[in-house]
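Got the structure open in your viewer? Let's walk through it one selection at a time.

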Amino acid sequence: MFPYIVRRIFIMIFMLTILSIVTFLLFNAVPTDPARLTCGKTCTPEIVAANRIRLGLDQPLYTQYIDWIRGIFVGRTYGSGSATFDCATPCLGYSFRNGEEVTVLILDAVPVTMYLAVGAFLLWMLIGISSGIIAAKHHGKWQDRAIMGVSLVGYSLPVFFLGLLFLVFVIVRWNLLPYPDYASPFEDPVAFFQTMLLPWLTLAILYAAYYARLTRSQMLETMGEDYIRTARAKGLSERVVFRKHALRAGLTPIVTSAGLDLAGLLGGAVITEYIFSLPGLGRLAIGAVTDYDLPTITATVLIAAVFVIVANLIVDILYAAIDPRVRLT
Amino acid sequence: MTNPNVILEVKNLNVEFTTDDGVVHAVNDVSYTVERGKTLAIVGESGSGKSVSSLAVMGLLTGANSKISGEVYFNGNELIAADPEAVRKLRGDEMAMIFQDPLSALHPYYTIGDQLAEAVRVHNDVSETQALERAAEMLAKVGIPDVDQRIDDYPHQLSGGMRQRVMIAMALINGPELLIADEPTTALDVTVQAQILDLLRELQKEFGTAIVLITHDLGVVADLADEVLVMYGGSAVEHAPVREIFYSPQMPYTWGLLASIPQISAKKEQLDPIPGSPPSLLNLPKGCVFAPRCTFKDQVADHACANTFPELLAVSPDHEARCHLSETQRNTIRAERKIGKVN
């Protein structure tokens, strides 16, 4: 088990390196001059040239890359002489559009996205898996058909449609909830829950529908396995067969999906955040793209990628813990 | 009727499955008895209904689309109409079953010790430690080496033969009176097959377990069986003591099975397969189920083979067969073709 994890961590570091290089090249592939973007309409060629040197954009690409990576680990100082600017560790760059260090922007946005993603995740796992199990248990009966029918509808509703529907009816028409105005759960828990409820539901309904179908098909497949027949042949009651023998095996593949879906959302639920004005990573990324805020774009891409890669590692370790056959590899 | 020596009596068993394509007649009017400590082999091709009939006996056909009728007496108690909960309590305790592929039949996530101990604890009120001790004892008995370490192994860490030994240990751990072995050696190497059969024979002697052995391998039958039931297309077509099946077979399908055994002494380059393929159980032929593949159907007058399904008739006191051919015709054919040992 231990060598397995160590090997996986090495692979992860390798992948992160590749990813950072790709992300960095993305920064440079954009057909604008990053230095030109550092000042507004009153720009003069002299300021642009000075900023280029100050940000190290006159250096060869590999030097820029190394400076960027070093900034993440030890921080960096832009410029020299009297006009220096310190960017604290982990330094992801400076956003001129926001007049703020990118790290600060990211750190403000991450908790919002995290609350959104984790809350929706818990909801959809609870609803999706339990209804999938019920459907599988009553395979072919009305419970099964009802759950599958409802989940098909849920699965067919795109987030932008469902989110807007909630917004228009629950908030605008029926005034059941105040207009979304994000507040930290530690400062104003009531406003927090009022704001988060609909975004949670919007995401959870879509994913719950998918997980209900996934759980049902996994459970049905598992219930047809030979070892389930063996368990019955031993004289185990149907309840023990289902709970002890079928459930664990049937839910294993769901761990993979769940980990990756959660990681994907942690990178930013763009549409949901946008609809409900949540200042999360997704909205930060969209804002950065429309504003040509290059350091912020790079940073959000990098963060989302890190989430996915780390989730992958956790999923692999979990999988090995659940399924003894994986441990040898 | 109730012979105290009979552990299992199956009477007029029928199993049907309703599918989207129609009704599958998997088992049609099959009857047999198994005596305590004896072995009945059920022989037939894939899809002849041999596995389905024994799953029905075990009460393991629980799908909503299956319909079972007939009677199954285990120790004198009828099981088909009985409370499923009562049958569940017999399963794994007084009657047990082992399956064809031991890798897929063992749960991949639990150690073999856990799986055996579980089997003990379903039917006995003992602690986990006691159950594990019993498991270790049984594993040693079926010839698992280094039981102390092996008991914590997962099924995938064992070889195919070892896995089947584990399955046998699990089936016999509560000392059942009846063991149904569904093709126990089919998935194994030939050398391992012999070991498993030896093991079954030894354990049968020790525990006095009756065995229903489901197989398509006549070599296995000759090795282990006391009695043989030949099944074809969901019906019993011949039923006799093992000697009779090999020495005096009465049904053309049984002849075909015997002729298709490879023989080292025969100076032939090719085997003699039975022409054609087994009938679809969705749509059984009108007359004899075997008629479409039978080489001898033209020797019977009035196309009887194509029109009426022959009765299972006694050839001798303990030998029954379904065939329209007269005894003289059968004897002539067997003599000509050297089927069985014609002295």
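In which loop of chain A is the place of A:Pro90? Select A:Pro90 and you'll land between β2 (85-87) and β3 (94-95) of chain A. Keep in mind as you look that this is a predicted model. Now add A:Thr89 to the selection: the peptide bond running from A:Thr89 to A:Pro90 is cis, and its omega is near -15°.

**Chain A, the annotated stretches**

Next, colour the parts of chain A that carry the UniProt annotation "transmembrane region", which comes from an unreviewed entry: residues 9-27, 114-135, 147-171, 191-212, 251-276 and 296-322. Start with residues 9-27 of chain A, where the span is 100% helix and 0% strand. Its end C-alpha atoms are 27 Å apart. Then jump to residues 251-276 of chain A, with 85% helix and 0% strand. Here the end C-alpha atoms lie 33 Å apart.

For a wider view, select residues 110-319 of chain A, listed by UniProt (unreviewed entry) as "domain: ABC transmembrane type-1". You'll find 82% helix and 0% strand over this span, and its end C-alpha atoms are 27 Å apart.

**A pair of helices in chain A**

Show helix α1 (residues 2-29) of chain A together with helix α12 (residues 294-322) of chain A. Their axes come within 10 Å and cross at roughly 160°. An angle over 145 degrees counts as roughly antiparallel, so that is how α1(A) and α12(A) lie to each other. The crossing of α1(A) past α12(A) is right-handed. Colour the contact by residue class and you get 19 nonpolar, 3 polar and 2 charged residues.

While you're around α12, look at the loop between α11 (281-290) and α12 of chain A, where A:Tyr292 sits. A:Tyr292 isn't a glycine, yet its phi is positive, at about 55°.

**Where chain A touches chain B**

Now bring both chains into view. How many residues of chain A are in contact with chain B? The count is 18 residues of chain A, against 24 residues of chain B. On the chain A side, α8 (226-233) and α9 (238-266) each supply at least two of the residues involved. Helix α8(A) gives the most, with 6 residues. By class, the side of chain A that touches chain B has 5 nonpolar, 5 polar and 8 charged residues.

Hide chain B for a moment and stay with those two helices. The axes of α8(A) and α9(A) are 10 Å apart, and the helices pack at an angle of about 145°. Their crossing is right-handed. To see the contact itself, select A:Tyr227, A:Ile228, A:Ala231 and A:Arg232 on α8(A), then A:Val241, A:His245 and A:Ala246 on α9(A). That selection holds 5 nonpolar residues, 1 polar and 1 charged.

**Over to chain B**

Bring chain B back and select its residues 10-258, where UniProt places "domain: ABC transporter" (unreviewed entry). This span is 41% helix and 27% strand, and its end C-alpha atoms lie 26 Å apart.

Inside chain B, find the open sheet of 4 strands, ordered β2-β1-β4-β5 with antiparallel pairing. Which strands stand at the edges? They are β2 (22-35) and β5 (77-78) of chain B; each has a single partner strand, so one side of each has no neighbour in the sheet. Zoom in on β5(B) and its partner β4 (residues 66-74) of chain B: the two pair in the antiparallel sense over 2 bridges. One thing to pick out there is B:Asn77 in β5(B), the bridge partner of B:Phe74.

Now add helix α1 (residues 50-58) of chain B, which packs on the sheet and touches β1 (6-19), β2 and β4 of chain B. The directions of α1(B) and β1(B) make an angle of about 110°.

**Last stop: two crossing helices**

Finish with helix α4 (residues 112-123) and helix α5 (residues 128-141) of chain B, whose axes come within 8 Å and cross at roughly 115°. The two are therefore roughly perpendicular to each other. Helix α4(B) passes α5(B) in a right-handed crossing. Among the contact residues are B:Leu116 and B:Val120 of α4(B), along with B:Leu132 and B:Met138 of α5(B). The contact as a whole divides into 8 nonpolar, 1 polar and 3 charged residues.

How values were computed
Residues numbered from 1 in each chain as written. Chains lettered and ligands numbered in written order. Predicted model: local features only at pLDDT ≥ 70, side-chain atom pairs only at ≥ 80, totals over all residues. UniProt positions renumbered as here; feature names shortened; annotations may be inferred. Pairing = 2+ DSSP bridges. Contact = placed C-beta atoms within 7 Å. Axes fitted to C-alpha atoms, helices over the stretch in contact; angles between N-to-C directions. Parallel < 35°, antiparallel > 145°, perpendicular 65-115°, else oblique. Left-handed = near helix turned anticlockwise from the far one by under 90°. Nonpolar A, V, L, I, M, F, W, Y, C, P; charged D, E, K, R; others polar.
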